[in-house]
Amino acid sequence: MPIFHECQRCTACCRWPGQVRLTDAEIARIAGCLELSEHEFIQRHTRLTQDRRGLALQEQSNGACIFLAGKDCAIQSVKPQQCRDFPNLWRHPEAETQCRAIPHLVGDEEYVKQVAQVTGRTVESVRELLR
């Protein structure tokens, strides 16, 4: 039986070092939210990914996401899919010790529906990811 993790918005995942990759659509959405041109957004808030194949959000000097302000995400309404997928579609070694999400045992179909709802994905795409 799967475990659905109900995010408590503790922001622990926003503080882990790593990279948040961005798609072209995410760049456009975030730039629009910040009232910047895509070029301005890219110059101010992104860096080349480690594999040099795309762009990722910059980090603060302590490794936290550049858009983490205290305990709030400055771009919550348009945050990248990678962020929306946490914690249910990630397998991060620190998640179990750092993340404060509340675990709920649910049936297979309920898990898929709840993950789709919190991530903004379709039920079909969640099923595909879980195969």
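The following conversation concerns the pockets and salt bridges of a predicted model.

Colleague: How much space lies in the largest pocket?
Modeller: The largest pocket holds about 750 Å³ of space. It is lined by 42 residues, and those closest to its centre are Cys13, Cys14, Lys79, Cys83 and Phe86.

Colleague: Which helix or strands supply at least two residues of that lining?
Modeller: Strand 1 (3-6), strand 6 (72-73) and helix 3 (81-84) each do so.

Colleague: And how does the lining of the largest pocket divide by class?
Modeller: There are 23 nonpolar residues in this lining, together with 11 polar and 8 charged ones.

Colleague: What is the volume of the second largest pocket?
Modeller: Its volume is about 240 Å³. The lining consists of 13 residues, of which His5, Pro87, Trp90, Ala95 and Glu96 are the closest to the centre.

Colleague: Which elements give two or more residues there?
Modeller: Strand 1 and helix 4 (95-98) are the elements that do so for the second largest pocket. By class, this lining has 8 nonpolar, 3 polar and 2 charged residues.

Colleague: Let us change topic. How many salt bridges does a search of the whole structure find?
Modeller: The search finds 6 salt bridges. One of them joins Asp51 and Arg21, with the closest N and O atoms 2.7 Å apart.

Colleague: Where in the chain are Asp51 and Arg21?
Modeller: They lie in distant parts of the chain, 30 residues apart. Asp51 is in the loop between strand 3 (46-48) and strand 4 (55-57), whereas Arg21 is in strand 2 (residues 21-22).

Colleague: What does Asp85 pair with?
Modeller: Asp85 forms a salt bridge with Arg121, and the closest N and O atoms are 2.7 Å apart. The two residues are 36 apart in the chain: Arg121 is in the loop between helix 5 (108-119) and helix 6 (123-130), and Asp85 is in the loop between helix 3 and helix 4.

Colleague: Is Asp85 buried or exposed, and why?
Modeller: Asp85 counts as buried because its relative accessible area is 9%, and buried means under 20%. Its partner Arg121 is partly exposed, at 24%.

Colleague: Which residue does Arg127 meet in a salt bridge?
Modeller: The side chain of Arg127 meets that of Glu109, at 2.7 Å from N to O. This pair also links distant parts of the chain, with Arg127 in helix 6 and Glu109 in helix 5, 18 residues apart.

Colleague: What is the relative accessibility of Arg127?
Modeller: The value is 31%, so Arg127 counts as partly exposed. Glu109 is partly exposed as well, at 39% relative accessibility.

Notes. Residues numbered from 1 in each chain as written. Predicted model: local features only at pLDDT ≥ 70, side-chain atom pairs only at ≥ 80, totals over all residues. Heavy atoms only, no water. 1 Å grid on protein atoms, 1.4 Å probe; cavity = no way out; pocket = protein on both sides within 12 Å on 5 of 7 lines; lining within 4 Å. Points joined across faces, edges and corners; volume = space filled by probe spheres on them. Helix = DSSP H or I, 4+ residues; strand = E, 2+ residues; numbered from the N terminus. Nonpolar A, V, L, I, M, F, W, Y, C, P; charged D, E, K, R; others polar. Salt bridge = Lys/Arg side-chain N within 4 Å of Asp/Glu carboxyl O. Buried < 20%, exposed > 50% of the residue type's maximum accessible area, 1.4 Å probe, protein only.
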